[in-house]
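Colleague: I am new to reading models like this one. Could you walk me through the labels and tell me how each is earned?
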Amino acid sequence: MTKKIKAIWAQDQMGLIGRDGQLPWRIPEELAHFKSTTMGQAILMGRVTFDGMGQRVLPGRISLILTRDKSYRVDHPDVLVFHSVEDVLDWYQNQERELFIIGGREVFCVFEDYLDELIVSKIQGIFEGDVYFPTEFSWESFKLLEELEQETTTTPFTISKYRRIT
Ligand SMILES: NC(=O)c1ccc[n+]([C@@H]2O[C@H](COP(=O)([O-])OP(=O)(O)OC[C@H]3O[C@@H](n4cnc5c(N)ncnc54)[C@H](OP(=O)(O)O)[C@@H]3O)[C@@H](O)[C@H]2O)c1
């Protein structure tokens, strides 16, 4: 089996991904896409994102939280806390699940070199917020595979999938 490390996130037309530790929008269909794509797999997020979710554990998935804080604890059977990228990659070697890097910005930066695929929800709009997808990201290392337009009851979005080529 070829395991892949995939990044999945949603961004607006300016690359915005976060506002006050949370998502800048509420689009149920986008959340449903995230849920169905990641269900049964492992998801890794930064400590800021996890705290922004009120430390709510997403069911049916193993959650990996990245923090430099050695005293950070989460008392939940489906949550693992890691203190370095290397420790995450070591853990992942013995796993059969796929690993989804789900953000935020800092985590996308430190995992960029290990990403095989990108799954981006491009939200058709410009929102207010304070965290953007890294502008220094090497998009030229990835090839667009498909784009699927999604109608919603709120804001439409397009799911774009990319695969690493270099
Ligand atoms: N639109 C989307 O799809 C999406 C997805 C996810 C998140 N977001 C948004 O993104 C925002 C948060 O992004 P962010 O960049 O501020 O924070 P983040 O990436 O969620 O978390 C950053 C934290 O991760 C830990 N960390 C980072 N690199 C590390 C390393 N090499 N080793 C150990 N720990 C490391 C540190 O935790 P400590 O400070 O504890 O050491 C750091 O403060 C929120 O608004 C969230 O809602 C959006």
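Modeller: Gladly! Please keep in mind that this is a predicted model. Let us start with two strands: β3 and β4 (residues 62-66) run parallel and are joined by five bridges.

Colleague: What makes β3 and β4 a pair of strands?

Modeller: Two strands pair if there are at least two bridges between them. Five bridges join β3 to β4, so the two count as paired. One residue to look at is Ile43, whose bridge partner in β4 is Ser63. Between these strands the chain passes from β3 through helix α2 (residues 47-52) to β4, a β-α-β crossover that is right-handed.

Colleague: And how do you know that β3 also pairs with β6?

Modeller: By the same kind of reasoning. Four bridges join β3 to strand β6 (residues 99-103), and the cut-off is at least two, so this is a pair as well. These strands run parallel. In β6, Ile43 has Phe100 as its bridge partner.

Colleague: Why is strand β3 called mostly covered?

Modeller: Buried means under 20% relative accessible area. Strand β3 (residues 42-46) has five of its five residues buried, so "mostly covered" is a fair label. Ala42, Leu44 and Gly46 point one way, Ile43 and Met45 point the other way, and all are buried. In a regular strand the side chains alternate between the two faces of the sheet.

Colleague: Why is Pro134 called buried?

Modeller: Its relative accessibility is 4%, and the limit is under 20%, so Pro134 counts as buried. You will find Pro134 in the loop between β8 and β9. Its C-alpha atom is 6.7 Å from that of Cys109, and the two residues are 25 residues apart along the chain.

Colleague: Gln95 sits in a loop, the one between α3 (85-93) and β6. Why does Gln95 count as buried?

Modeller: At 16% relative accessibility, Gln95 falls under the 20% limit, so it counts as buried.

Colleague: What makes the link between the side chains of Gln95 and Arg97 a polar contact?

Modeller: The distance is 2.9 Å, and a polar contact needs a pair of N or O atoms within 3.5 Å. The value fits, so the label holds.

Colleague: Now the aromatic rings. Why is the pair of Trp9 and Phe133 called stacked?

Modeller: First, a search of the whole structure finds 12 aromatic pairs. One of them is Trp9 and Phe108, with 5.1 Å centre to centre and 55° between the planes. Planes under 30 degrees apart count as stacked and over 60 as edge-to-face, so with 55° this pair is tilted. Trp9 lies in strand β1 (residues 5-11) and Phe108 in helix α4 (residues 105-111), 99 residues apart. Trp9 and Phe133, in turn, have 4.1 Å centre to centre and 5° between the planes. Their angle is under 30 degrees, so this pair is stacked. Both Trp9 and Phe133 are buried.

Colleague: Which residues form one aromatic cluster?

Modeller: Trp9, Phe108, Phe133, Phe137, Trp139, Phe142 and Tyr162 do.

Colleague: Last one: how do you know that the ligand is covered by the protein?

Modeller: Begin with the atoms. A backbone N or O atom of Ala10 lies 2.7 Å from a nitrogen atom of the ligand, and a polar backbone atom of Arg68 is 2.8 Å from an oxygen atom of the ligand. Taken alone the ligand exposes 940 Å², and the protein buries 87% of that.

Conventions: Residues are numbered from 1 along each chain as its sequence is written. This is a predicted model: local features need pLDDT of at least 70, side-chain atom pairs count only at pLDDT 80 or more; totals for chains, interfaces and linings use all residues. Side-chain values use heavy atoms; hydrogens and water are left out. Buried means under 20% relative accessible area, exposed over 50%, partly exposed in between (1.4 Å probe, protein chains only). A crossover is right-handed if, with the strands pointing away from the viewer, the path from the first strand over the helix to the second runs clockwise. A polar contact is a pair of N or O atoms within 3.5 Å; within protein, one must be able to donate a hydrogen and the other to accept it, and residues adjacent in sequence count only if both atoms are side-chain atoms. Accessible areas come from the Shrake-Rupley method with a 1.4 Å probe; for residues, only the protein chains shown count as cover. Rings of Phe, Tyr and Trp (its six-membered ring) pair if their centres lie within 6.5 Å; planes under 30 degrees apart count as stacked, over 60 as edge-to-face and the rest as tilted.
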